[in-house]
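Biologist: Could you take a close look at one part of this model for me, the pocket and what surrounds it? I would be glad of a connected account that a computational chemist can follow.

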Amino acid sequence: MDFRAVKFLFCVICLVRCSPEQSSTKKKNGKKESNSAAIEELKKQIEQIVQDLNLLKEQQALQTVCLKGIKIPGKCFLVDTTKKSFHAANDECIAKGGTLSSPLSGDENDQLYDYVRQTVGPEGHIWLGVNDILKEGEWTDQTGSPIRFKNWESEITHQPDGGRGQNCAILSSTANGKWFDEDCRGEKASVCQFNIV
């Protein structure tokens with residue numbers, strides 16, 4: 001065979017061998033691309049299922065909490081009769097997924113007051129999620145927003161009257177649900193609130 005024939009035969013053999021590899025590589029790449037897309041789609045579906053499952057767990061936990069406490073429109077309350085400081089009570093409510101109770105209206109305050117009388121007692125006091133720790137005289141809720149509803153006892157003791165020494169608010173059963181400012185280190189019962197939909 002002459003050199004050109006050998007060269008031609010070599011090229012044909014290379015083409016024959018390379019073509020299936022290239023087409024299988026293309027197929028493999030196509031499969032890889034479609035597999036990658038399918039895997040990404042499955043990952044998204046799994047993430048959505050996990051989010052839905054966590055939401056169901058949260059709703060179930062709230063239902064359990066609300067069964068132990070009381071429900072009012074948009075939230076429920078759960079009492080803790082163990083007396084502790086404002087900060088300890090606040091941390092415990094956060095750990096449970098709620099916040100210290102902060103009534104947003106007279107009706108909510110009345111319902112909280114009734115619940116406290118039933119659970120803590122007619123002489124009971126609870127911490128509210130209201131304080132002026134950051135700036136004296138500027139009472140805020142747990143998010144740091146100024147409170148919109150106030151129920152200070154203003155006729156007899158002219159609350160809040162504690163100045164820098166009393167930066168946390170309580171709801172008093174003995175004063176028909178009126179609020180007083182207290183030293184945050186004092187020990188009171190508490191009520192956690194949980195927002196529900």
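**The pocket and the disulfides**

Modeller: Happy to. The largest pocket is lined by Lys75, Thr99, Ser102, Leu104, Asp141, Gln142, Thr143, Gln193 and Asn195. Please keep in mind that this is a predicted model. The space in this pocket comes to about 160 Å³. Sorted by class, its lining holds six polar residues, two charged ones and one nonpolar one.

Two of the lining residues, Gln193 and Asn195, fall within strand β7, which covers residues 188-195. That strand is a good place to carry on, for it also holds one end of a disulfide: Cys192 is joined to Cys93, with 2.0 Å from S to S. Cys93 sits in helix α2 (residues 86-95), and the two cysteines are 99 residues apart, so this bond links distant parts of the chain. The torsion about its S-S bond is about -90 degrees, which is why the disulfide counts as left-handed. Cys93 and Cys192 are both buried.

The chain has two disulfides by the distance rule applied here. In the other, Cys168 is bonded to Cys184 with an S to S distance of 1.9 Å. This link is right-handed, with 95 degrees about the S-S bond. Cys168 belongs to strand β5 (residues 168-172), while Cys184 lies in the loop between β6 (178-182) and β7, so the bond ties together parts that are 16 residues apart in sequence. Both ends count as buried because the cut-off is under 20% relative accessible area: Cys168 has 0%, and Cys184 has 9%.

Now for the setting of these parts. The protein chain contains three helices and seven strands. Read from the N terminus, the order is α-β-β-α-β-α-β-β-β-β. Of the contacts in the chain with a separation of 6 or more, 71% are between residues 24 or more positions apart. The chain has 197 residues, and 34% of them are buried. Its exposed surface amounts to about 12900 Å², with 55% supplied by carbon and sulfur atoms.

To bring it back to your request: strand β7 (residues 188-195) is the element to look at in the viewer, as Cys192 lies in it, and the pocket lining includes Gln193 and Asn195. The loop between β6 and β7 holds Cys184 of the other disulfide.

Technical notes
Residues numbered from 1 in each chain as written. Predicted model: local features only at pLDDT ≥ 70, side-chain atom pairs only at ≥ 80, totals over all residues. Heavy atoms only, no water. Helix = DSSP H or I, 4+ residues; strand = E, 2+ residues; numbered from the N terminus. Buried < 20%, exposed > 50% of the residue type's maximum accessible area, 1.4 Å probe, protein only. Contact = heavy atoms within 4.5 Å. Areas by Shrake-Rupley, 256 points an atom, 1.4 Å probe, with all protein chains shown as cover. Disulfide = S-S within 2.5 Å. 1 Å grid on protein atoms, 1.4 Å probe; cavity = no way out; pocket = protein on both sides within 12 Å on 5 of 7 lines; lining within 4 Å. Points joined across faces, edges and corners; volume = space filled by probe spheres on them. Nonpolar A, V, L, I, M, F, W, Y, C, P; charged D, E, K, R; others polar.
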